[in-house]
Amino acid sequence: RSKAAGRNCFTIYDEAMSAELEARNMLEGDLRDAIARCQFELHYQPFVDVASGQRCGFEALVRWRHPTRGLIPPDQFIPLAEETGLIVALGEWVLRRACEDAASWPSDARVAVNLSPVQFKEAELFDVICAALGDSGLPPERLEIEITESVLLERGIENHAFMERLKSIGIELALDDFGTGYSSLSYLTAFPFDKIKIDKSFISNLSHRPHSSAIISSIVTLARGLDMSVTAEGVETSEQFERLKGLGVNFAQGYLLGRPQPIERIAPEPPVAGSRLDAA
Ligand code: C2E
Ligand code: MG
Ligand code: MG
Ligand code: MG
């Protein structure tokens, strides 16, 4: 490869580009088929009340069961699904499946669903959510919608009104991946979130970067003042868990407390509200 690159790197560059384009087109075709054939799965990751150690809900995380390439994680196809608009159909499937699954749980555990900014632009989204709730029989109080701050950057006023509409029927709203991207504290006051999810990069830095503790504790203080709760994402060690407890974080999610798993693995040992940490 290096020999060829030395001879003519432009050729190599072009070839790499067209190979990438070809791979992308193939993936796009596969993705269309996958949506038509429902080749997706939801895996569920628990989140835990830090003070009591009890599981209170599960986040639905989509995976693509590709016929030849195996299980593909969302980071490898969500961006393409967004670019091509396929996310709208996929997102509707996710909402419906998550609501159906949660309605069948023998407890009142909540379910959290991630929504793409692209879905937020669809006028029908409210009806889609109501239909998913109505058809599954899941009470709206058990549904949490996770959005990232990119949703707030554009169409601020429309999105604000839409969020208020979701809240008016009892759905909770979480701000996902807080602290990454264009975070601004003004978003927290300007939009009606119930929950802030602190990005896992802050949690993994807890032990070796003292600043992370200070940042987390400021977020906790701010959230309290705004009547919001705080979730820590990506909790992997009990040391992190204890620190977060000390900092007053309300909920924790991460490999320590349970990895994302297919529904068969979280049921029939159900997400009982009183189930213990070590059962995760
Ligand atoms: P997210 O919503 O922030 O989800 C958390 C991600 O962190 C998940 O990755 C989860 O598996 C991973 N994670 C959880 N605990 C730990 C931990 O202790 N350590 C580490 N290193 N990672 C942990 P996943 O499942 O690959 O999902 C990645 C992203 O894809 C999600 O980030 C979300 O933004 C997006 N996504 C997933 N499902 C959907 C969906 O149905 N719709 C949309 N629009 N986006 C989705
Ligand atoms: Mg999320
Ligand atoms: Mg997140
Ligand atoms: Mg994320």
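**Exercise 1. Glutamate 146 and its partner**

Task: Decide whether glutamate 146 is buried or exposed in this predicted model, then place it in the fold alongside glutamate 59.

Solution:
1. Start with the accessibility of glutamate 146. Its relative value is 2%. Buried means under 20%, so glutamate 146 counts as buried.
2. Now look at the metal. Glu59 (OE), Asn114 (OD1), Glu146 (OE) and Asp176 (OD) are the protein donors of the magnesium ion (ligand 2). They lie 2.0 to 2.2 Å from the ion.
3. Locate the two glutamates. Glutamate 59 is in strand β2 (residues 55-66), and glutamate 146 is in strand β5 (residues 143-148). They are 87 residues apart, so the pair links distant parts of the chain.
4. Check glutamate 59 too. At 5% relative accessibility, glutamate 59 is buried.
5. Write the spacing of the donor residues of ligand 2. The pattern is E-x54-N-x31-E-x29-D.

**Exercise 2. Two magnesium ions**

Task: Find which residue coordinates both the magnesium ion (ligand 2) and the magnesium ion (ligand 3).

Solution:
1. List the coordination of ligand 3. The magnesium ion (ligand 3) is coordinated by Asp176 (OD), Asp177 (OD) and Glu233 (OE), with Glu233 (OE) entered twice. The distances run from 1.9 to 2.7 Å.
2. Read the sequence pattern. For ligand 3 the donor residues are spaced D-D-x55-E.
3. Match this with ligand 2, which has Asp176 (OD) among its donors. Aspartate 176 bridges the two ions, which lie 4.0 Å apart.
4. Add the burial of the neighbouring aspartates. Aspartate 176 is buried at 7% relative accessible area. Aspartate 177 is partly exposed at 25%.

**Exercise 3. Ligand 1 and its contacts**

Task: Identify which residues come nearest to ligand 1, and state how much of its area the protein covers.

Solution:
1. Take the surroundings. There are 23 residues around ligand 1. Arg63, Asn114, Asp176, Glu236 and Tyr255 come nearest.
2. Go through the oxygen contacts. An N or O atom in the side chain of asparagine 114 is 2.9 Å from an oxygen atom of ligand 1. For the side chain of lysine 200, the distance from an N or O atom to an oxygen atom of ligand 1 is 3.0 Å.
3. Add the nitrogen contact. A nitrogen atom of ligand 1 lies 2.5 Å from a polar side-chain atom of glutamate 236.
4. Finish with the cover. On its own, ligand 1 has 800 Å² of accessible area, and the protein covers 84% of it.

**Exercise 4. Cysteines**

Task: Explain why cysteine 38 and cysteine 56 form no disulfide.

Solution:
1. Set the cut-off. The two sulfur atoms must be within 2.5 Å.
2. Test cysteine 38. Its closest cysteine sulfur is in cysteine 99, 16 Å away, so the gap is too far for a bond.
3. Test cysteine 56. The closest cysteine sulfur is again in cysteine 99, at 18 Å, and this is too far as well.
4. State the count. It comes to 0 disulfides.
5. Compare the surroundings. Cysteine 38 is partly exposed at 43% relative accessibility, and cysteine 56 is partly exposed at 21%. Cys99 is buried in α4.

**Exercise 5. Helix α4**

Task: Set the end-to-end reach of helix α4 against the expected value.

Solution:
1. Count the residues. Helix α4 (residues 87-104) has 18.
2. Take the expected reach. At 1.5 Å a residue, it is 26 Å.
3. Take the model's value. From first C-alpha to last, α4 reaches 25 Å, close to expectation.
4. Note the buried residues of α4, among them Ile87, Leu90, Trp93 and Asp101.

Methods. Residues are numbered from 1 along each chain as its sequence is written. Chains are lettered from A and ligands numbered from 1 in the order in which they are written. This is a predicted model: local features need pLDDT of at least 70, side-chain atom pairs count only at pLDDT 80 or more; totals for chains, interfaces and linings use all residues. Side-chain values use heavy atoms; hydrogens and water are left out. Buried means under 20% relative accessible area, exposed over 50%, partly exposed in between (1.4 Å probe, protein chains only). Donors are N, O and S atoms within 2.8 Å of the metal (3.2 Å for Na, K and Ca); water is not among the atoms, so sites may look incomplete. Helices (H or I, at least four residues) and strands (E, at least two) are DSSP runs, numbered from the N terminus. The expected span of a helix is 1.5 Å times one less than its number of residues. A residue is near a molecule or strand if one of its heavy atoms lies within 4 Å of it. A polar contact is a pair of N or O atoms within 3.5 Å; within protein, one must be able to donate a hydrogen and the other to accept it, and residues adjacent in sequence count only if both atoms are side-chain atoms. Accessible areas come from the Shrake-Rupley method with a 1.4 Å probe; for residues, only the protein chains shown count as cover.
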